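Visitor: I'm new here, and I'd like to know what stands behind the words people use for a structure. Can we go through it together?

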Amino acid sequence: MSVLEIRDLHVTVGEGDDAKEILRGVDLTVRSGETHAIMGPNGSGKSTLAYSIAGHPKYTITGGTVTLDGEDVLAMTVDERARAGLFLAMQYPVEVPGVSVSNFLRTAATAIKGEAPKLRTWVKDVKTEMAGLEMDPAFAERNVNEGFSGGEKKRHEILQMRLLKPRIAILDETDSGLDVDALRIVSEGVNKTREEGDVGVLLITHYTRILRYIQPDFVHVFVNGRIAEEGGAELAEKLENDGYAAYVKGSTEVA
Ligand code: ADP
Ligand code: MG
Ligand code: MG
């Protein structure tokens, strides 16, 4: 059982006079076994939230706390966050020249578990997971993210999540750039992980369509750097019909 707790998180980007507050007091708790969807308009700060939890150096935490099972995540290095069981696909470099997918995954698994997985079972696991995501076996020998299509990047993210078995997985716009078939396959990968284990999932998205495949337990509407409304899966349906206009208008008046 794991709990990711975000309390009154304030984050700025830029420095000096250019510093701009993007997150303005985010409160969120994600427990193992729960799937939370964060939905909001473009530019509302959703990726900033993900990057801040990942420890991206461009984002300055100016207030609040993030803990995983009581441990201070913000004090951890990026590697320590991964070892603690946080999965944030975007923490990895965009391209890793000369490193194959297969080596990259084994190195990541070794770093997280503290010992190299047994080669024979590992190779079998990678093959099984790639087949589940309907990935060409040749993909394992390609260099990480080099010339990957949008869909391949997303499948690679989910492949990592499947193999690294995190306690809390944060997926930012996993649905963007996917056609319907790829969306279904990627969603099945996420759902399988939810069924198998005690993972907590934070699914960040702009569109509601992925939520037809991955049923969230909680939906949070994210506007102007904070959560403007919370509810269950029915809130996603409401957003699909009404959009974000009501929340955006409200938040502008407050700002
Ligand atoms: P979302 O993911 O909801 O679309 P983002 O978190 O990407 O929103 O962006 C929120 C706001 O923060 C935007 O106005 C964006 O321009 C700004 N922003 C995000 N990251 C940076 C950055 N590294 N440098 C400057 N501005 C940034
Ligand atoms: Mg505050
Ligand atoms: Mg974003």
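Guide: Let's start with a yardstick: a residue is buried if 20 or more other C-beta atoms lie within 10 Å of its own, exposed if 12 or fewer, and partly exposed in between. Keep in mind that this is a predicted model.

Visitor: Why is E141 called exposed?

Guide: Count its neighbours. E141 has 10 C-beta neighbours inside 10 Å, and the cut-off for exposed is 12 or fewer. So E141 counts as exposed. You'll find E141 in the loop between helix 4 (119-132) and strand 8 (143-144).

Visitor: What is E141 in contact with, leaving aside its neighbours within four places in sequence?

Guide: With S100 and S102. Contact here asks for C-beta atoms within 7 Å. As for S100, its C-alpha lies 5.1 Å from that of E141, although 41 residues separate the two in sequence.

Visitor: What makes D8 partly exposed?

Guide: D8 has 13 C-beta neighbours inside 10 Å. Exposed stops at 12 and buried begins at 20, so D8 counts as partly exposed. D8 sits in strand 1, and there's a quirk: its phi is positive, about 45 degrees, although D8 is not a glycine.

Visitor: And N224, buried or exposed?

Guide: Buried: N224 has 20 C-beta neighbours inside 10 Å, and buried asks for 20 or more. N224 belongs to the loop between strand 11 and strand 12. Its phi is also positive, near 55 degrees, in a residue other than glycine.

Visitor: How do you know that helix 1 is largely enclosed by the rest of the structure?

Guide: By going through its residues: 8 of the 9 are buried, so helix 1 is largely enclosed. Among the buried ones are K46, T48, L49 and Y51. Just after helix 1 comes G55, with a positive phi of about 90 degrees.

Visitor: What does helix 1 give to the shell around ligand 1?

Guide: Helix 1 (residues 46-54) gives the most to that shell, with 3 residues. The residues around ligand 1 include G43, S44, G45, K46, S47 and T48, as well as V13 and K58. By kind, the shell divides into 8 polar, 2 nonpolar and 2 charged residues.

Visitor: Why are strand 1 and strand 2 called a pair?

Guide: Pairing needs at least two bridges, and strand 1 (residues 3-13) and strand 2 (residues 20-31) have 9, in the antiparallel sense. For instance, E5 stands opposite T29, and V11 has L23 as its bridge partner. The two strands form a hairpin with 6 residues between them, and G14 in the turn has a positive phi of about 85 degrees.

Visitor: Which sheet do they belong to, and what makes strand 2 an edge strand?

Guide: They belong to an open antiparallel sheet of 4 strands, in the order 2-1-4-5. Strand 2 and strand 5 (71-72) each have a single partner strand, so one side of each is left without a neighbour in the sheet.

Visitor: How many strands form the mixed sheet?

Guide: There are 6, in the order 6-9-10-3-11-12, and that sheet is open too. At its edges stand strand 6 (86-88) and strand 12 (226-231), each with a single partner, so one side of each lacks a neighbour in the sheet. From one strand to the next, the twist averages 20 degrees.

Visitor: How do you know that strand 6 and strand 9 pair?

Guide: At least two bridges are needed, and 3 join strand 6 to strand 9 (residues 168-172), with the strands running parallel. In one of them, L86 has I168 as its partner.

Visitor: Where does helix 7 lie?

Guide: Helix 7 (residues 233-242) lies across strand 3 (35-39), strand 11 (218-223) and strand 12, at about 45 degrees to strand 11.

Visitor: Now the whole chain. What does its secondary structure come to?

Guide: To 8 helices and 12 strands. The radius of gyration is 18 Å, close to the 18 Å that the globule rule gives for 255 residues, so the chain is as compact as a globular protein of that length. Buried residues make up 36% of the chain.

Note on methods
Residues numbered from 1 in each chain as written. Chains lettered and ligands numbered in written order. Predicted model: local features only at pLDDT ≥ 70, side-chain atom pairs only at ≥ 80, totals over all residues. Axes fitted to C-alpha atoms, helices over the stretch in contact; angles between N-to-C directions. Contact = placed C-beta atoms within 7 Å. Near = placed C-beta within 6 Å. Nonpolar A, V, L, I, M, F, W, Y, C, P; charged D, E, K, R; others polar. Rg over C-alpha atoms; globule rule 2.2 N^0.38 Å.
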